[in-house]
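Welcome! Let us read a model together, one feature at a time.

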Amino acid sequence: MKRLKIVALTMLLGMFASVVRVNAQDVAEGEQIFKNNCAACHNTSAEPLVGPGLQGVGQRRPLDWIVKWVHNPQAVIASGDKYANDLYNKFGKAQMTAYPGYSEAQIKSVLAYIEAQNAAPAAPAAGAAPAAGAAAPAAESNGGMLQYILIALLGVMVLVLVALLSIVTTLSKLASVSAEEAESIPLLQRIAENGKKLAANNAFKTGAALLITLLIGKATIDAAYGVGIHQGYAPEQPIHFSHKLHAGDYQINCGYCHTGVYKGKGANVPSPNICMNCHNTIKRESPEIQKIYRAIEKDEPIQWIRVHNLPDLAYFNHAQHTNVAGLECQNCHGEIQKMEVVEQRSTLTMGWCIDCHRKTDVNTKGNAYYDKLVEIHNKENKEPLKVANIGGLECSKCHY
């Protein structure tokens, strides 16, 4: 009997752990869906934004109603549903985007996330200092070649010093002319004669040549390191868009506008219809918003100017860094939520990327793909698994 109780208790604990694990997965999935699609118009709290606050929405309406609303809100309004029409009129007849592709389970996960947000302490405000252990932007580096260049320059400087000592010796000899002889020769003539003697001196010519070579070499190296680097580039866009307002003040998730940032190679430039999700009712009279309307009427794309651009020879995948590694956009783009005009803050050079791969821990938590790699790594190393340990420094990872 006692043994049966133990077995039953073990099964009960296993079922409880399974439920907790599923709920955690639901909340994580719901968070991603909410931030990518809902956060631009709704708060998880009761405070309204463009649309109503969603705190307690699972208690206000039954699940089947919420699913129908998410799949096709205009159809629910057209059916004469009183609650839907009251909501539609209350918020200025702003049309909510339909999401027919989301399953009932995914919508439930969003509701689970909203409940979890209201049960947990408030999240820190945008722009707050990162938590301890958060990944910081990688330090700049020009690679190991710089060390060899500095050693070579040091050698050249030693040669220049030897040449300068020879010049000092020559000048001392020239200065040994007696005072009487010096007074009998005009000043300008003395300067010209000394200049000719100095120019004819082999040590002086060698030193001057080395000095000129050193200056030209430094200028060449500086120019070479600057090729393809556009740090500080901040072009004027065809439509003034403030990331400070949208990503900072309103805390709209980057994935809402840049739809590929969590699931594709590129982040994607927002299309006009994404802007219209909000601006079909908000600030329609603004001259900048009118530019979007004109682009839509003419069926022409908005000619946004790309700010961050890697060369074609380099492969970079946004999803690998944002979704798998869990990096924030600020790691590479700087404090984008504070920028009125977007500019390139990092160099985005190969050395800058390699430094990050050398210093960044692999995000292995909850990812079974890395379990065996972590096990093998920990047998021989005490340091955490870095990106460099899983091939992050191999040329073929980014160049192929």
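Q: Is Y369 buried or exposed?

A: This is a predicted model, so every value here is computed from it. To read exposure, look at the relative accessible area: over 50% counts as exposed. Y369 has a relative accessible area of 64%, so Y369 is exposed.

Q: And how should I read Y370, buried or exposed?

A: The cut-off for buried is under 20% relative accessible area. Y370 has 7% relative accessibility, so Y370 counts as buried.

Q: Thanks! What describes a pair of aromatic rings?

A: Two values do the job: the distance of the centres and the angle of the planes. Across the whole structure, a search finds five aromatic pairs. In one of them, the ring centres of W65 and W69 are 5.5 Å apart and the planes meet at 5°, so this pair is stacked. W65 and W69 are both buried. By contrast, the pair formed by Y369 and Y370 is edge-to-face, with 5.1 Å centre to centre and 90° between the planes.

Q: Why are W65 and W69 separated by about one helical turn?

A: Start with the general idea: an α-helix has 3.6 residues a turn, so residues three or four places apart point the same way. Here, W65 and W69 are four residues apart in helix 3 (residues 63-71), and therefore about one helical turn separates them.

Q: Which residues form one aromatic cluster with W65?

A: W69 and Y83 join W65 in one aromatic cluster. You can also look for a charge placed over a ring. R61 lies over the face of W65, at 4.9 Å from the ring centre. The charged end of R61 also sits over the ring of Y83, 4.3 Å from the centre of that ring.

Q: Let us turn to open spaces. What is the volume of the second largest pocket?

A: For a pocket, read the volume, then the lining. The second largest pocket has a volume of about 820 Å³. Its lining has 39 residues, and those closest to the centre are H42, P52, L54, W69 and M96. Two or more lining residues come from each of helix 1 (2-38), helix 2, helix 3, helix 4 (73-78), helix 5 (82-90) and helix 6. By class, the lining divides into 26 nonpolar, eight polar and five charged residues.

Q: How many cavities of 30 Å³ or more does the structure hold?

A: There are two cavities of 30 Å³ or more. A cavity can be read in the way we read the pocket. The second largest cavity has about 40 Å³ of space, and its lining residues are L54, G56, V57, G58, Q59, L111, I114 and E115. Helix 2 (57-60) and helix 6 (104-119) each supply at least two residues of this lining. Four of the lining residues are nonpolar, three are polar and one is charged.

Q: Why is helix 13 largely enclosed by the rest of the structure?

A: Count the buried residues along the helix. In helix 13 (residues 272-279), six of the eight residues are buried, so the rest of the structure largely encloses this helix. The buried ones are P272, I274, C275, M276, C278 and H279. Among the elements that cover them are helix 11 (243-249), helix 12 (254-257) and helix 14 (287-297).

Q: Finally, how many helices and strands does the protein chain have?

A: The protein chain has 19 helices and zero strands. Of its 400 residues, 27% are buried. Among contacts with a separation of 6 or more, 66% are between residues 24 or more positions apart.

How values were computed:
Residues numbered from 1 in each chain as written. Predicted model: local features only at pLDDT ≥ 70, side-chain atom pairs only at ≥ 80, totals over all residues. Heavy atoms only, no water. 1 Å grid on protein atoms, 1.4 Å probe; cavity = no way out; pocket = protein on both sides within 12 Å on 5 of 7 lines; lining within 4 Å. Points joined across faces, edges and corners; volume = space filled by probe spheres on them. Nonpolar A, V, L, I, M, F, W, Y, C, P; charged D, E, K, R; others polar. Phe/Tyr/Trp six-rings, centres within 6.5 Å; stacked < 30°, edge-to-face > 60°. Buried < 20%, exposed > 50% of the residue type's maximum accessible area, 1.4 Å probe, protein only. Lys NZ or Arg CZ within 6 Å of the ring centre and 35° of its normal. Contact = heavy atoms within 4.5 Å.
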